[in-house]
Amino acid sequence: MGANPRGSRAAVNLLVMGAVSLFSTLGCGSSDNSGGASNCGSALNPMTFALKDIAPASGSSVPNANIVQTFTIVGQHLDFAPDFALPASHTAGISTPTAIGWTVAVSGADTVFTSEPFSWATAPSHVELDPGGALEDTMTNCVWTLPTPTFSYDVTAP
């Protein structure tokens with residue numbers, strides 16, 4: 001998962017470098033093939049990816065054991081390692097293991113991200129994960145981010 005307890009955006013450059021090869025297929029901008037990127041996000045105002053099938057669902061409660069987080073980016077084929085910051089509203093502590101692996105799979109026009117199973121240091125508690133940074137398509141200068149928060153759920157004792 002790569003949750004960063006300081007909320008730092010230092011991992012942005014690593015995410016950008018890892019995502020550039022597939023990220024350039026986003027085709028961000030107008031659909032008239034004029035090469036314009038007038039409706040792309042910027043570093044100061046990134047566009048937010050459309051997500052579906054987020055689990056655990058926002059507002060849900062799950063036992064603090066073998067948690068698997070998943071989300072689908074709609075209409076995009078991407079390959080990057082999600083990185084999350086822990087805002088003040090996150091009370092669950094750090095994850096075990098601390099470095100969570102993610103699998104990435106293409107499903108039709110979408111990309112599905114699934115974490116390996118993990119648990120949190122503290123339960124009962126609240127989990128809130130914000131994006132750790134933005135992704136930039138260096139070919140078009142489009143800048144995208146995951147929604148804030150990406151995950152928001154409670155954990156109970158296992």
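What share of the contacts in the chain with a separation of 6 or more comes from residues 24 or more positions apart? The share is 74%, where a contact means heavy atoms within 4.5 Å. This is a predicted model, in which local features need pLDDT of at least 70 and side-chain atom pairs count only at pLDDT 80 or more, while totals for chains, interfaces and linings use all residues. Residues are numbered from 1 along each chain as its sequence is written, and side-chain values use heavy atoms, with hydrogens and water left out.

Start with the overall layout. The chain has one helix and 13 strands. Both kinds of element are DSSP runs, numbered from the N terminus: helices (H or I) have at least four residues, strands (E) at least two. The helix comes at the N-terminal end of the order, and the strands follow it. Of the 158 residues, 41% count as buried. Buried means under 20% relative accessible area, exposed means over 50%, and partly exposed lies in between (1.4 Å probe, protein chains only). The accessible surface of the chain is about 7,700 Å², and carbon and sulfur atoms hold 56% of that surface. These areas come from the Shrake-Rupley method with a 1.4 Å probe; for residues, only the protein chains shown count as cover.

Next, the covalent cross-link. The whole structure holds one disulfide, meaning a pair of cysteine sulfur atoms within 2.5 Å. Cysteine 40 and cysteine 142 form it, with their sulfur atoms 2.1 Å apart. The two partners are 102 residues apart in the chain. Cysteine 40 lies in the loop between helix H1 (12-23) and strand E1 (47-48), and cysteine 142 in strand E12 (residues 142-145). Both cysteines are buried.

Now the strands. Strands of a sheet pair through backbone hydrogen bonds, either parallel or antiparallel. Here two strands pair if DSSP finds at least two bridges between them. One open sheet of four strands runs in the order E3-E13-E10-E5, with mixed pairing. Its edge strands are E3 (61-63) and E5 (84-85), each pairing on one side only. E5 meets strand E10 (residues 125-131) in the antiparallel sense, over two bridges. Phenylalanine 84 has proline 131 of E10 as its bridge partner.

Strand E4 (residues 70-73) is worth a separate look. Thr70 and Thr72 point one way from E4, Phe71 and Ile73 the other way, and all are buried. Strand E2 (residues 51-55) runs antiparallel to E4, joined to it by three bridges. There, lysine 52 has threonine 72 as its bridge partner. E4 also pairs with strand E8 (residues 110-115), antiparallel, over four bridges. Phenylalanine 71 stands opposite phenylalanine 113 in E8.

That brings us to the rings. Rings of Phe, Tyr and Trp (its six-membered ring) pair if their centres lie within 6.5 Å; planes under 30 degrees apart count as stacked, over 60 as edge-to-face and the rest as tilted. The count comes to eight aromatic pairs. Phenylalanine 80 and phenylalanine 113 make a tilted pair, 4.9 Å centre to centre with 45° between the planes. Phenylalanine 80 sits in the loop between E4 and E5, 33 residues from phenylalanine 113 in E8. Both are buried.

Why is the pair of phenylalanine 84 and phenylalanine 151 edge-to-face? Their planes stand at 70°, with the centres 5.7 Å apart, so the pair earns that label. Phenylalanine 84 is in strand E5 and phenylalanine 151 in strand E13 (residues 151-156), 67 residues apart. Phenylalanine 84 counts as buried at 0% relative accessibility, and phenylalanine 151 is buried at 1%. Ring pairs link Phe71, Phe80, Phe84, Trp102, Phe113 and Phe151 into a cluster.
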